[in-house]
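Here is a friendly walk through one protein model, in questions and replies. Have the picture open beside you as you read.

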Amino acid sequence: MIVGNKEKNTMTSEYQKMIAWEPYHPFDPELRALAQTSRQKQAAFNQEPDPLKGAEIIKTWFGSTGQNLFVNPRLVVDYGVNIHLGENFYSNWNLTMLDVCPIRIGDNAMIGPNCQFLTPLHPLDPHERNSGVEYGKPITIGDNFWAGGGVIVLPGVTLGNNVVAGAGAVITKSFRDNVVLAGNPARVIKEIPVK
C-alpha cells in the first residue's frame, strides 16, 4: 500500500515515519531529543540581538538555507531540520513553522508578520486522536512568494512560483503559478501577468 508517496511498513524509526507522512508517536525518545535541541537553538536565536548572528544560527540548524537570509524574532519551529529555505528569504516578526514534515520555500520569499506554516495533522476519530498518534503533510512553495501579515498555510499545500497571499489568507489547498490569493479559505482573486 502506498501512503504519502512512500511504501507503508518500511519505516524503521518514528522520525522516518513522521517525515514520510505516516502515523507516528511524537513522544518517541529520538523525536524528543531532536525537539529539545531545536528548543535550545530557538531560544538562542530569539535572544540574539545581532541579525547576522541570528542568521548563522538558522543556517546551522535548518535542513538547508540560502546564503542571504533575514528572520526577525520571534521564531517558533518544531524541529528545524525539516525546513528548507531558498536564497533571499525574509521574514518579519513572529514566524511559526511547524515542521513535522518538510517545509520547502523557494528563492526570493517575503513573509509578513505573524505568518504560520503548519504541517502537523491529528486523527479525526477522538479515540485515535487521544492515543497521541499524529501525522503530517509537507508544504512546498515555489520562488517569489509574498505572504502578507497573518497568512496561514495548512498541511499538504503546494504553491507555484510568483504567488502572493493577501493578509489573513488561510491557504487550505494547492494553487498554480502567478496568482494572488485572499480569504478564508483562500481563493484566487487575481492573475499575475507573466512578463
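The dialogue below takes up a pocket, two sheets and a pair of helices.

Q: Before we start, what kind of model is this?
A: This is a predicted model. Let us begin with empty space.

Q: How much space lies in the largest pocket?
A: The general idea is that rolling a probe the size of a water molecule over the atoms shows where empty space is left. Here, the largest pocket holds about 270 Å³ of space. Its lining is made of 16 residues, and those closest to the pocket's centre are Arg32, Ala35, Arg39, Asp78 and Tyr79.

Q: Which elements each supply at least two residues of that lining?
A: Look for helix H2, residues 29-47, and strand S4, residues 75-77. The largest share comes from H2, with four residues.

Q: How do the lining residues divide into nonpolar, polar and charged?
A: Ten of the lining residues are nonpolar, two are polar and four are charged.

Q: S4 was named as part of the lining; in which sheet does S4 lie, and what is the order of its strands?
A: To read a sheet, follow the strands from one edge to the other. S4 belongs to an open sheet of five strands, in the order S4-S7-S10-S15-S18, and the pairing is parallel. S4 and strand S18 (170-171) are the edge strands, each pairing on one side only.

Q: How many bridges pair S4 with strand S7?
A: Three bridges link S4 to S7 (residues 95-98), in the parallel sense. For a single spot to look at, find valine 76, which stands opposite threonine 96 in S7.

Q: What is the order of the open sheet of seven strands?
A: Reading across, you meet S3-S6-S9-S14-S17-S19-S20, and here the pairing is mixed. The edges are strand S3 (69-71) and strand S20 (187-191), each of which pairs on one side only. Inside that order, strand S6 (residues 89-91) and strand S9 (residues 110-111) run parallel and are joined by two bridges. Serine 91 has isoleucine 111 in S9 as its bridge partner.

Q: Now the helices: at what angle do the axes of H2 and helix H3 cross?
A: Two packed helices are described by the angle between their axes and the distance between the axes. In this model, the axes of H2 and H3 (residues 51-61) cross at roughly 165° and come within 9 Å. Because of that angle, H2 is roughly antiparallel to H3.

Q: Is the crossing of H2 and H3 left-handed or right-handed?
A: H2 passes H3 in a left-handed crossing.

Notes
Residues are numbered from 1 along each chain as its sequence is written. This is a predicted model: local features need pLDDT of at least 70, side-chain atom pairs count only at pLDDT 80 or more; totals for chains, interfaces and linings use all residues. Side-chain values use heavy atoms; hydrogens and water are left out. On a 1 Å grid over the protein atoms alone, a cavity is a set of points where a 1.4 Å probe fits but cannot get out, and a pocket is an open set with protein on both sides within 12 Å along at least five of seven lines; lining residues have an atom within 4 Å of a point. Grid points are joined across faces, edges and corners, and a volume is the space filled by probe spheres set on the points. Ala, Val, Leu, Ile, Met, Phe, Trp, Tyr, Cys and Pro count as nonpolar, Asp, Glu, Lys and Arg as charged, and the others, Gly among them, as polar. Two strands pair if DSSP finds at least two bridges between them. Axes are lines fitted to C-alpha atoms, for helices over the stretch in contact, and angles run from 0 to 180 degrees between N-to-C directions. Angles under 35 degrees count as roughly parallel, over 145 as roughly antiparallel, 65 to 115 as roughly perpendicular and the rest as oblique. A crossing is left-handed if the near helix is turned anticlockwise from the far one by less than a right angle, and right-handed if clockwise.
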